[in-house]
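Here are some notes for a colleague who is opening this structure for the first time. They are set out as numbered points, to be read with the model in view.

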Amino acid sequence: AGCVTADGTVDVPRFEAFRRRLIWLLTVEQRLLIPALVARLGPLVFQKGMQRDHTDLVTLCVASPNVEWLENLAGLLDNHFRLEEGRDGLLELLERHLDDDAAVREAIARQRLPKLPPFEAGSGMREQLRGVLVEVGL
């Protein structure tokens, strides 16, 4: 997330911005996107694993960061992204089933942080979520 400085210490303000945005993203997935998919498709194969990852990520975000902690977070995020980006993962299912769902887009827009771009009609949800990941430094 670019939160380790050249001298090997944690850039706390940058980490705080990253933490806030990551928790926002996890909240949107857990409270809006996954329930919307479950409503359309029924239980998802990866749902329990993703919920566990979200809980672990939020729990990690409570602690004060150090370099080792950031490395552990990076490893957990790498594993989590495999669930999201794999075949029939969250991003593919969102694109296939909710990409043009105006109610979901409006709900996401109401959850956004001030510096994050709104979700735009006509742009794929997968690309927009990837844009958010880039925005948070992932």
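**Notes on the aromatic pair, the cores and the helix packing**

1. Please keep in mind throughout that this is a predicted model. A convenient place to begin is Phe-15, which has a relative accessibility of 0% and therefore counts as buried. Phe-18 is buried too, its relative accessible area being 3%, which falls under the 20% cut-off.

2. When the whole structure is searched for aromatic pairs, one is found. It is formed by Phe-15 and Phe-18, whose ring centres lie 6.1 Å apart and whose planes stand at 45°, so the pair is described as tilted; an angle under 30 degrees would have counted as stacked and one over 60 as edge-to-face. The two residues belong to helix α1, which covers residues 12–41, and because they are three residues apart there, about one helical turn separates them.

3. Where do the nonpolar residues gather? The largest nonpolar core has 17 residues, and the members that touch the most others are Leu-37, Leu-90 and Leu-94. At least two residues of this core come from each of α1, α4 (90–97) and α5 (102–111), and the largest share, seven residues, is supplied by α1. A second core, separate from this one, contains 14 residues, among them Cys-3, Phe-15, Phe-18 and Leu-76. As general background, nonpolar side chains in soluble globular proteins tend to be buried together.

4. The packing of helix α2 (residues 47–62) against helix α3 (residues 67–85) deserves a separate look, since two packed helices are described by the angle between their axes and the distance between the axes. For α2 and α3 the angle is about 160° and the axes are 10 Å apart, and the two helices are therefore roughly antiparallel to each other. Their crossing is left-handed.

5. Which residues make up the contact between these two helices? On the α2 side they are Gly-49, Met-50, Asp-53, His-54, Asp-56, Leu-57, Leu-60 and Cys-61, and these meet Trp-69, Leu-73, Leu-76, Leu-77, His-80, Leu-83 and Glu-84 in α3. Leu-76, listed here on the α3 side, is also one of the residues of the second core.

6. A last point returns to Phe-18, which is placed in helix α1. Although 43 residues separate Phe-18 from Cys-61 in sequence, their C-alpha atoms are 9.6 Å apart in space. Cys-61 is itself among the α2 residues that meet α3.

Methods:
Residues are numbered from 1 along each chain as its sequence is written. This is a predicted model: local features need pLDDT of at least 70, side-chain atom pairs count only at pLDDT 80 or more; totals for chains, interfaces and linings use all residues. Side-chain values use heavy atoms; hydrogens and water are left out. Rings of Phe, Tyr and Trp (its six-membered ring) pair if their centres lie within 6.5 Å; planes under 30 degrees apart count as stacked, over 60 as edge-to-face and the rest as tilted. Helices (H or I, at least four residues) and strands (E, at least two) are DSSP runs, numbered from the N terminus. Buried means under 20% relative accessible area, exposed over 50%, partly exposed in between (1.4 Å probe, protein chains only). A nonpolar core is a set of buried Ala, Val, Leu, Ile, Met, Phe, Trp, Tyr and Cys residues joined through side-chain atoms within 4.5 Å. Axes are lines fitted to C-alpha atoms, for helices over the stretch in contact, and angles run from 0 to 180 degrees between N-to-C directions. Angles under 35 degrees count as roughly parallel, over 145 as roughly antiparallel, 65 to 115 as roughly perpendicular and the rest as oblique. A crossing is left-handed if the near helix is turned anticlockwise from the far one by less than a right angle, and right-handed if clockwise. Contact means heavy atoms within 4.5 Å.
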